[in-house]
Every structure is written in structure tokens, then in C-alpha cells.
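Thanks for making the time. I will go through one structure, mostly its helix packing, and then a few single residues.

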Amino acid sequence: MKYIDIENWKRKEHFKFFYRADYPQYNICMDLDITRFLAFTKEHTFPFYYSMIYAVTKVLNEIEDFKYRIREGKVVLHDKINPSFTYINPEEEDELFKIITVDFKENIQDFIESAQQASASQKEYFDLAGTAGRDDLIYLSCIPWISFTHISHTILLNRDDSVPRISWGKYFAKDGKVFLPFSVQVHHALLDGIHVGKYIDKLQAYLNAPK
């Protein structure tokens, strides 16, 4: 991790312009084609949810702009971003989710095993002690009951809250393909539409040819 010299940063003017906003977040929703990726997870008997968490986090780490965070008006660049995701135990009847945070691993099978173990072993709904002060994260959630066209997120009215929120919904079939409703919410002081577009293009390319 390193601090960015904002005064000599190419994004200086854009950062200062959008950092003034009372609500500097914006959200973009779209459908992703997961036809090949879904077949890949079934072929390897990988759980789709954890596989998607892996794909989303892997591609995000390939784009530097998504690894910036704001701390007390200063900008830091992380070496690696890790997933913090919601999880509901299907065997429990309380219908309450936990938030699980794990380190990202480059190998998909290693990551899935680590995420599954953490989901099963964590007892608290919110492990606040384990994530206090961390912003090397991406917040992930899934709404598998709804094929949404738009979604909003709870957020602190804090200009420094710059962790991206990414969500996806219930996938559906159309014209012989399978699509996944997908949402990206980011801080405009750090990321513009062109960056979200690059992320979606790279993510779609990975979903078309997963490894």
C-alpha cells in the first residue's frame, strides 16, 4: 500500500471536484452473459456463488483504479483487494446473513475452499473486530431471488467511504444464453464511467473464457 501525492496526481482535478459532493457514489447496472462461465462451474462442480466472487475479485485486482481508497481526504493505493461478502447458511431457518471476509487467492479452487471454510466456521453475523479499519476490500452481495434491473445500497454519508459495492441477482435464460443482473457502485472521486466500462469488459472476457 502507498499514499498518492494528490497534488501531482493526474486525477487531481476530478478527485477534488467529486470529493466535495454530499453523496459522491454512483451505481451502474447491466446484464452479464454467464453462459460459458456457468457451464465451467458445473463442469468442475464449483459452487456458482463462490466462483462468481472469485471472478469479480480477480478482475478487479487487474485494474489499478479499483484499488484506490480514501482515508481522511488522502488517497491510498492497495497492492491487493480482498472480498467481503454476504452469506446465508441454507441449513439455518433464521434467514439472516453473515458478512464473510477472506484473503483473495489466485487459484480458483484454493479460493473456493478458503471461502467455504470461512463461511462455515464464522459464528458472528458481523466480524467487526476482524475488519475494523480495513479498506483493502470490495463489498459483495447476491440477491438470487430477484432478476433486478436496478439496486441501491446502504452507505454511510461519509465522503471517505470509497469501497466499491458489487451485487448480482438471479440469472435467467434468454435467446439461448444465460444472463446475470449485475451492479457496480463506486466513488466518483476515484472512478468514472470509463473505468467501470473497462472493468465490465474485462470481467465479461473472463466469464467467456474462465480458467
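A word on handedness before the helices come up: a crossing is called right-handed if the near helix is turned clockwise from the far one by less than a right angle, and left-handed if it is turned anticlockwise. Please also keep in mind that this is a predicted model.

I begin with helix 3 and helix 4. Helix 4 covers residues 108-121, and it packs against helix 3 at an angle of about 120°, with the two axes 10 Å apart. That angle makes helix 3 oblique to helix 4. In the sense I have just defined, their crossing is right-handed. On the helix 3 side the contact is made by Y50, S51, I53 and Y54, and on the helix 4 side by I108, F111, I112, A115, Q116 and S119. Sorted by class, the residues of this contact are seven nonpolar and three polar, with no charged ones.

Next, helix 2 against helix 3. Helix 2 runs over residues 35-43 and helix 3 over residues 48-60; they pack at about 125°, and their axes are 10 Å apart. What does that make them, parallel or oblique to each other? Oblique, since roughly parallel would need an angle under 35 degrees, and roughly antiparallel one over 145. The crossing of helix 2 and helix 3 is right-handed. Helix 2 contributes F37, L38 and T41, while helix 3 contributes F48, S51, M52 and A55. The contact of helix 2 with helix 3 counts five nonpolar residues, two polar and no charged.

The third pair is helix 3 with helix 6, which spans residues 193-208. Here the packing angle is about 130° and the axes are 9 Å apart. Helix 3 is therefore oblique to helix 6. This crossing, of helix 3 and helix 6, is right-handed. From helix 3, the residues in the contact are M52, Y54, A55, V56, K58, V59 and L60; from helix 6, they are Y199, K202, L203, Y206 and L207. By class, the contact of helix 3 with helix 6 has ten nonpolar residues, no polar ones and two charged.

Now to a single residue from those lists, M52, which sits in helix 3. Is M52 buried or exposed? Its relative accessibility is 0%, so M52 counts as buried. Setting aside residues up to four places away in sequence, M52 touches L32, F37, W168, L180, F182 and L207. Of those, F37 belongs to the helix 2 contact, and L207 to the helix 6 contact. For a distance along the chain, take M52 and P144: they are 92 residues apart in sequence, and their C-alpha atoms are separated by 12 Å.

K16 makes a useful counterpart. K16 is in helix 1, residues 12-19, and is partly exposed, with a relative accessible area of 38%. Leaving out neighbours within four places in sequence, K16 is in contact with I6 and E7. K16 and E91 are 75 residues apart in sequence, and their C-alpha atoms are 48 Å apart in space.

On to the backbone. Two residues that are not glycine have a positive phi. One is E72, with phi near 50°. E72 is placed in the loop between strand 3, residues 68-71, and strand 4, residues 74-77. With a relative accessibility of 75%, E72 counts as exposed. The other is E95, whose phi is about 60°. E95 lies in the loop between strand 5, residues 82-87, and strand 6, residues 98-101. At 67% relative accessibility, E95 also counts as exposed.

Last, the cysteines. How many disulfides does the structure hold? Zero. As a reminder, a disulfide is a covalent bond between the sulfur atoms of two cysteines. Why is there none at C29? The closest cysteine sulfur to that of C29 is in C142, 14 Å away, which is too far for a bond; the cut-off used is 2.5 Å between the sulfur atoms. From the side of C142, the closest cysteine sulfur is the one in C29, at 14 Å and again too far for a bond. As for its surroundings, C29 is partly exposed, with a relative accessible area of 25%.

That is the end of my notes; I will take questions now.

Notes. Residues numbered from 1 in each chain as written. Predicted model: local features only at pLDDT ≥ 70, side-chain atom pairs only at ≥ 80, totals over all residues. Heavy atoms only, no water. Axes fitted to C-alpha atoms, helices over the stretch in contact; angles between N-to-C directions. Helix = DSSP H or I, 4+ residues; strand = E, 2+ residues; numbered from the N terminus. Contact = heavy atoms within 4.5 Å. Nonpolar A, V, L, I, M, F, W, Y, C, P; charged D, E, K, R; others polar. Parallel < 35°, antiparallel > 145°, perpendicular 65-115°, else oblique. Buried < 20%, exposed > 50% of the residue type's maximum accessible area, 1.4 Å probe, protein only.
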